Structure formats: structure tokens, C-alpha cells
Amino acid sequence: MGREFMNIFDEWADSYNDAVSGQNIEYKEVFEHYEEILDEVASKAKGKTIEFGVGTGNLFDKLINYNLDVIGVEPNEKMLQIAKHRFPDEQILDGDLINFPKSDQIDSIVSSYTFHHLTDNEKQEAFELYYDVLSHQGQVIFADTIFQDEESHQKVIRDAEEKGYSNLAKDLLREYYTTIPKLEHIIKQAGFTVRFKQLNNFVWLIHARKL
Ligand SMILES: C[S@@+](CC[C@H](N)C(=O)[O-])C[C@H]1O[C@@H](n2cnc3c(N)ncnc32)[C@H](O)[C@@H]1O
């Protein structure tokens, strides 16, 4: 589910690592402090971990370096090939934020720059699923673009349009960027506590723990 953006990643896969290193001016602010953002997520994961939206494998690399038992899940064929080629000995599977190999032994669910590919209804469905598959005291650690309120979202779109960043503006309109109050409600309803921490002008850490 939430696989409607695959054509974008077909086009983006080969230049994705240039964008995260700041070489795509439109996305420079989105990826500001990229390495630190990935470290924030990886350093909090524990035990058996699932990463959604592995992409070119940059967060996956950090998770491996923390010696975590990690399964990667990636729905885009091109990204999947890149990640599998980079980590030939690791488990990286086709799947998505909702359709993934279920087991009840999972301690951490992580992702970076990925959760906004689900609608708010799908986000709710995902968190209900995560509650069931996570171990006692299991946690969800996501870094993603969210907004404090709808007005801030609209302002960021206007700013992007004024700067002539048409790709960024289109992306902000097309994908399912939500607000902190909405996401907080979804996560708490599913049985978690959650805290949010801002990591750059776009990205927040979303750290949810099972109650
Ligand atoms: C912006 S990239 C982020 C890649 C990597 N996590 C990083 O931080 O650099 C988003 C990734 O999420 C994947 N993706 C898109 N929709 C998804 C979904 N519904 N479930 C899981 N992954 C998804 C894309 O194919 C892509 O690899």
C-alpha cells in the first residue's frame, strides 16, 4: 500500500545520493543534516529491527554498523536492486509500510524520509499493525517531513513556488505530509506514547513507544 509513487523513485534512484549530499538545490534544506538525522534514528534502534524504504541503503548501513539484526523492506524495484547490490549478504525484501513479512519478534521499526507515502488513514492502519507485531516495549522511530499545522505546510509550498523550486512544490502538494497534531492522535489511538523532535526545517524525529 502507498505504492503510488514508484515512478518517481524509478527516475530518482540514480541521482538520489547526490540529492542527499546537498547537490540538488531544491532539496538542500530537506536533506540538511542528513547524516545526523539518520544517526538519530539508528542510534535509538534496538534488537530485531525492520527498516522501511531502504532506498540506496544509507540508514541501513548505519543500522548494520550498530550490529542490529535488521531486515530491509523496499517497494521500488530500482532502489531494491541498488540496496541489494550494496549489501549482498543482508536481508532486503520487496514490501512496503503495510505489506511486509510479519513476525511478533520485532523490537524496532524504523525509516527515514518514507512515512509520508501513506495517507493519514493508511498511517493509522500501519500503526495498528505495528502495535501487533512489536514486542513488549517495542518502538517506532521515524524521521520524516511533517508540519506543525496546515498553515505552515501551505507556507512552505508558497515559499518553494516563489523560489522557483517547482519539483519541491509539486512534491509537497502531491505526497501525504501530515501535521503533528494529526499524527500524534493517530499514534496515541494505536496504543503508543510519542515524542517529536525537530531535526531541520522539514524533518522531525517521531519516536513512539508501546504503552
Ligand atoms: C526519499 S527515499 C528515502 C530513502 C532512505 N530511507 C533515506 O533516508 O535516504 C523514500 C524511499 O521510500 C520508498 N517508499 C515509497 N513508498 C513506500 C511505501 N509505501 N512503503 C515503503 N517504502 C516506500 C521509496 O521507494 C524510496 O526508496
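Start with the whole chain selected: of its 211 residues, 55% count as buried (under 20% relative accessible area with a 1.4 Å probe, protein chains only; exposed is over 50%, and partly exposed lies in between). This is a predicted model, where local features need pLDDT of at least 70 and side-chain atom pairs count only at pLDDT 80 or more, while totals for chains, interfaces and linings use all residues. Residues are numbered from 1 along each chain as its sequence is written, and side-chain values use heavy atoms, with hydrogens and water left out.

Now switch to cartoon view. You will find nine helices and seven strands, which are DSSP runs (helices H or I, at least four residues; strands E, at least two) numbered from the N terminus.

Next, show the aromatic side chains. The structure holds 22 aromatic pairs; rings of Phe, Tyr and Trp (its six-membered ring) pair if their centres lie within 6.5 Å, with planes under 30 degrees apart called stacked, over 60 edge-to-face and the rest tilted.

Select W12 and Y27. Their ring centres are 5.4 Å apart and the planes meet at 50°, so this pair is tilted. W12 sits in helix α1 (residues 6–12), and Y27 in the loop between α2 (16–20) and α3 (34–44), 15 residues apart. W12 is buried at 18% relative accessible area, and Y27 is buried at 9%.

Move on to Y130 and F142. Here the centres lie 6.3 Å apart with planes at 85°, so the pair is edge-to-face. Y130 belongs to helix α6 (residues 120–133) and F142 to strand β5 (residues 134–145). Both Y130 and F142 are buried.

Finally, add F52, F100, F115, F127, Y131 and F192 to that selection: ring pairs link these residues with Y130 and F142 into a cluster.
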